Amino acid sequence: MGLALDEPAQDDERREINGIDVAIEKQVLPHVENITLDVQTNSDGQSGLVMDGGSDSDCC
C-alpha cells in the first residue's frame, strides 16, 4: 500500500483522517478502514506523514 500526494480522482472516497483530508481509491477502501495518519517530526526538524494500521492483506 502506498501514499501519494496527487489530486483526488472523481470516483475516490474523500475522508478526513486525524485532521488530514485524504482521497482513497474505492477498491482499497476495505483494506484501510483502520488506518491512522499522523505527522511526525524527526530530530532534524523534518516533518512527514506516517501511515499506521490497516489490513494485513497485500491488496495493492
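**Exercise 1.** Work out what Glu-13 counts as at 27% relative accessibility.

*Solution.* Start with the cut-offs: buried means under 20% relative accessible area, exposed over 50%, and partly exposed in between (1.4 Å probe, protein chains only). Glu-13 counts as partly exposed because its relative accessibility is 27%. Keep in mind that this is a predicted model, where local features need pLDDT of at least 70, side-chain atom pairs count only at pLDDT 80 or more, and totals for chains, interfaces and linings use all residues. Residues are numbered from 1 along each chain as its sequence is written, and side-chain values use heavy atoms, with hydrogens and water left out.

**Exercise 2.** Find the salt bridges and say which residues they link.

*Solution.*
- Step 1: get the rule. A salt bridge is a side-chain nitrogen of Lys or Arg within 4 Å of a carboxyl oxygen of Asp or Glu. Side chains of opposite charge can pair when their charged atoms come close.
- Step 2: search the whole structure, and 2 salt bridges turn up.
- Step 3: look at each pair. Glu-13 pairs with Arg-15, with the closest N and O atoms 3.8 Å apart. Glu-33 also bridges to Arg-15, and there the closest N and O atoms are 3.6 Å apart.
- Step 4: place the second pair. Glu-33 sits in the loop between β2 and β3 (36-41) and Arg-15 in strand β1, so this bridge ties together parts that are 18 residues apart in sequence.
- Step 5: put it together. Glu-13, Arg-15 and Glu-33 are linked in a network of salt bridges. Arg-15 is partly exposed because its relative accessible area is 32%, and at 44% Glu-33 is partly exposed too.

**Exercise 3.** Describe the order of helices and strands in the protein chain.

*Solution.* Helices (H or I, at least four residues) and strands (E, at least two) are DSSP runs, numbered from the N terminus. Count them up and you get 0 helices and 4 strands. From the N terminus on, that reads β-β-β-β. How sure was the predictor? Its confidence in each residue is the pLDDT, from 0 to 100. The protein chain averages 81, and 85% of the residues score at least 70. Strand β4 (residues 47-52) has the lowest confidence, with a mean of 84, while β1 has the highest, at 86.

**Exercise 4.** Pick out the largest nonpolar core and one residue's contacts there.

*Solution.* First, the rule: a nonpolar core is a set of buried Ala, Val, Leu, Ile, Met, Phe, Trp, Tyr and Cys residues joined through side-chain atoms within 4.5 Å. The largest one has 9 residues: Ile-17, Ile-20, Val-22, Ile-24, Val-28, Leu-29, Val-32, Ile-35 and Leu-37. Strand β2 (residues 20-24) gives this core its largest share, 3 residues. Next, zoom in on Ile-17. Leaving out residues up to four places away in sequence, Ile-17 touches Val-22, Ile-24, Ile-35, Thr-36 and Leu-37, where contact means heavy atoms within 4.5 Å. In soluble globular proteins, nonpolar side chains tend to be buried together. Across the 60 residues of this protein chain, 17% count as buried.

**Exercise 5.** Decide whether Gln-10 counts as buried or exposed, and say where it sits.

*Solution.* Gln-10 is in the segment before β1 (13-17). Its relative accessibility is 84%, so Gln-10 counts as exposed. Now compare positions: Gln-10 and Glu-25 are 15 residues apart along the chain, and 9.8 Å separates their C-alpha atoms.

Conventions: pLDDT = per-residue confidence, 0-100.
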